[in-house]
Amino acid sequence: QVQLVESGGGLVQAGDSLRLSCAASGRIIDNFAMGWFRQAPGNEREFVSAISWSADTISYADFVEGRFTVSRDVAKNAVYLQMNSLKFEDTAAYYCAAVHRSKVMKPPTTTWGYDYWGQGTQVTVSS
């Protein structure tokens, strides 16, 4: 069973930065595609970023506009989302997700593409 635990959320001001972490149980980072999603109250969960099991494919949602960077540390079994120049509209619960590389050709950008989810970490950006 894959377990994912997000951390690093918090309350920040517009323009600030945050680094979210997703710690995975077991050695999965180099065998799973990993994704970041977010969900604001009243909205559907939406794609933010994804990284392939080999880290050679990375994608971002259009709204990221170069402000976020996804990365991973295989030795620490962790995936990160560095978020800079945060905006009020980035306020949401952020979730990481995983799917085994055998199931996908490239990291999915849809929620149904992932099999495992963390519990989320809240990011609140004050304007």
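## An all-strand chain and its nonpolar core

Asparagine 84 touches Asp16, Ser17, Arg67 and Phe68, leaving aside residues up to four places away in sequence. The model is a predicted one, and asparagine 84 sits in it within the loop between E8 and E9. With a relative accessible area of 29%, asparagine 84 is partly exposed. Its C-alpha atom is separated by 6.6 Å from that of leucine 18, although the two residues are 66 apart along the chain.

The next residue to consider in this loop is serine 85, which also lies between E8 and E9. Serine 85 has a positive phi of about 50 degrees although it is not a glycine. Its relative accessibility is 41%, so serine 85 counts as partly exposed.

Methionine 83 belongs to strand E8 (78-83). Beyond residues up to four places away in sequence, methionine 83 touches Asp16, Ser17, Leu18, Leu20, Arg67, Phe68, Tyr94 and Val123. Asp16, Ser17, Arg67 and Phe68 are thus touched by methionine 83 and by asparagine 84.

From here the view can widen to the chain as a whole. The protein chain has 11 strands and zero helices, and its pattern along the sequence reads β-β-β-β-β-β-β-β-β-β-β. The radius of gyration is 13 Å, close to the 14 Å given by the globule rule for 127 residues, so the chain is as compact as a globular protein of that length. Taken along the principal axes, the C-alpha atoms fill a box of roughly 40 × 25 × 25 Å.

Contacts and surface add to this description. Of the contacts between residues at least 6 apart in sequence, 57% join residues at least 24 apart. Buried residues account for 43% of the 127 residues in the chain. The accessible surface comes to about 6,500 Å², and carbon and sulfur atoms hold 48% of that area. The chain carries 11 positive and 12 negative charges, whose mean positions are 6 Å apart.

What lies inside? The largest nonpolar core has 35 residues, and those that touch the most other members are Leu4, Ile28, Met34, Trp36, Leu81 and Met83. At least two residues of this core come from each of strand E3 (18-24), strand E4 (32-39), strand E5 (46-51), strand E7 (68-73), strand E8 (78-83), strand E9 (92-100) and strand E11 (121-126). E9 supplies the largest share of the core, six residues.

Two residues of strand E9 can be followed in detail. Tyrosine 94 lies in this strand and, at 0% relative accessibility, counts as buried. Setting aside residues up to four places away in sequence, tyrosine 94 touches Glu6, Leu20, Phe37, Arg38, Val48, Leu81, Met83, Gly120, Thr121 and Val123. Leu81 and Met83, two of these partners, are named among the core residues that touch the most other members. The C-alpha atoms of tyrosine 94 and leucine 81 are separated by 9.8 Å, with their positions 13 residues apart along the chain.

Cysteine 96 is also in strand E9. It counts as buried because its relative accessibility is 1%, under the 20% limit for that class. Apart from neighbours within four places in sequence, cysteine 96 is in contact with Leu4, Glu6, Cys22, Gly35, Trp36, Tyr116, Trp117 and Gly118. Glu6 is in contact with cysteine 96 and is touched by tyrosine 94. The C-alpha atom of cysteine 96 is 6.3 Å from that of phenylalanine 37, a residue 59 places away along the chain.

The last region is the loop between E6 and E7, where phenylalanine 63 is found. Phenylalanine 63 is partly exposed, with a relative accessible area of 23%. Not counting residues up to four places away in sequence, phenylalanine 63 touches Arg38, Glu46, Phe47 and Val48. Arg38 and Val48 are also touched by tyrosine 94. Phenylalanine 63 and glycine 42 are 21 residues apart in sequence, and their C-alpha atoms are 18 Å apart in space.

Glutamate 65 is in the loop between strand E6 (58-60) and E7 as well. Is glutamate 65 buried or exposed? Its relative accessible area is 56%, so glutamate 65 is exposed. Its phi is near 55 degrees, a positive value in a residue other than glycine.

Technical notes:
Residues are numbered from 1 along each chain as its sequence is written. This is a predicted model: local features need pLDDT of at least 70, side-chain atom pairs count only at pLDDT 80 or more; totals for chains, interfaces and linings use all residues. Side-chain values use heavy atoms; hydrogens and water are left out. A nonpolar core is a set of buried Ala, Val, Leu, Ile, Met, Phe, Trp, Tyr and Cys residues joined through side-chain atoms within 4.5 Å. Buried means under 20% relative accessible area, exposed over 50%, partly exposed in between (1.4 Å probe, protein chains only). Helices (H or I, at least four residues) and strands (E, at least two) are DSSP runs, numbered from the N terminus. Contact means heavy atoms within 4.5 Å. The radius of gyration is taken over C-alpha atoms; the globule rule is 2.2 Å times the number of residues to the power 0.38. Accessible areas come from the Shrake-Rupley method with a 1.4 Å probe; for residues, only the protein chains shown count as cover. Lys and Arg count as positive and Asp and Glu as negative; His and the chain ends are not counted. The place of a charge is taken as NZ of Lys, CZ of Arg, CG of Asp or CD of Glu.
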